[in-house]
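Me: Could you take a close look at one part of this model for me? I'd like the local surroundings spelled out.

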Amino acid sequence: MTVSVVTVAASRSTHLRRQLDGLARSTRTPDEHIVVAMGDPQVAEVVAAAGSSARVVEMDVDSSKLPVGEARNLGARTASSDLLVFLDVDCIPAPDLIERYVEAAGRHPAALLSGPVTYLSEPGAGGYDLDRLGDSIDPHPARPFPSSGEIVLDDRHELFWSLSFASRSLVWDRIGGFCTAYSGYGGEDTDFGQKAARAGVPMAWVGGAHAFHQYHPVSNPPVEHLDDILTNAALFHQRWGWWPMRGWLDEFERLGLAAFDTRERRWVRTRP
């Protein structure tokens, strides 16, 4: 089974370099690594400086809102392998992540595969010790965490996230890729999960396929993305009939930033 890793990147040079270093330690080397640069010429420079064989695909971006879904679709179209492994640029793969996904794709060829993701603390001046990342394993509690070597089938497609996932190229085609109507932050991952459910593609959580999400500052709730989240939530509701990101929407309401307009039947901003 041939394997393509797909990463989309912009303004994450340090994180991309660490991911490349992590992939270089893989027990199963990918047959190709496609890096889609979303309007960032430094991506090619990082890949070259790392001595990586990754292929950089330049993508013109004419907005401050990154077209992440469209970039992933471009990466998938560019890839030529049996198995597509998607890694968020912030994620460093464990040495056996690719090997685990290959094994899972052999056992569950029709499934959408996801692995556990650990959020790392801010590193010291020397960065992360890639040899010691395994000591930090503490996957996000909101997702299944199978033991190493175990694969858990799960029909909760709303849990899908794009930090680390894989599928055979035929399964990707069956799902149809990411919806590109979303703009900015939020919604497209949950939409992709619903597309997989509609296509009859099961979710499978792959024990041992660990990825480590590198630290970057975040706000909770992500108030800087308020308008994007409101717009994308409305689009998702239009497509699927229910409201995603309810935890954030409810928290925005608690903070007095947004409310559900019963007359317009949508969430709206309530404060400039």
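Reply: Here's a walk through two loop residues and an annotated stretch. This is a predicted model, where local features need pLDDT of at least 70, side-chain atom pairs count only at pLDDT 80 or more, and totals for chains, interfaces and linings use all residues. Residues are numbered from 1 along each chain as its sequence is written, and side-chain values use heavy atoms, with hydrogens and water left out.

Let's start with His 157, which sits in the loop between strand S8 (151-154) and strand S9 (164-168); helices (H or I, at least four residues) and strands (E, at least two) are DSSP runs, numbered from the N terminus. His 157 counts as buried, because its relative accessibility is 9% and buried means under 20% relative accessible area (1.4 Å probe, protein chains only). Its side chain reaches the backbone oxygen of Val 201 at 2.6 Å. Setting aside neighbours within four places in sequence, His 157 is in contact with residues including Gly 193, Gln 194, Ala 197 and Val 201, contact being heavy atoms within 4.5 Å.

Now for Cys 179, in the loop between helix H5 (169-175) and helix H6 (188-198). Cys 179 is buried too, at a relative accessible area of 12%. Beyond its neighbours within four places in sequence, Cys 179 is in contact with Asp 191, Lys 195 and Arg 239. Pro 146 is 33 residues from Cys 179 along the chain, and their C-alpha atoms are separated by 29 Å.

As for the annotation, UniProt (unreviewed entry) places "domain: Galactosyltransferase C-terminal" at residues 171-216; its positions are given in the numbering used here, feature names are shortened, and annotations may be inferred rather than shown by experiment. Over residues 171-216 the chain is 35% helix and 15% strand, with the end C-alpha atoms 32 Å apart.

Terms used:
Buried < 20%, exposed > 50% of the residue type's maximum accessible area, 1.4 Å probe, protein only. Polar contact = N/O pair within 3.5 Å; in protein donor to acceptor, adjacent residues only side chain to side chain.
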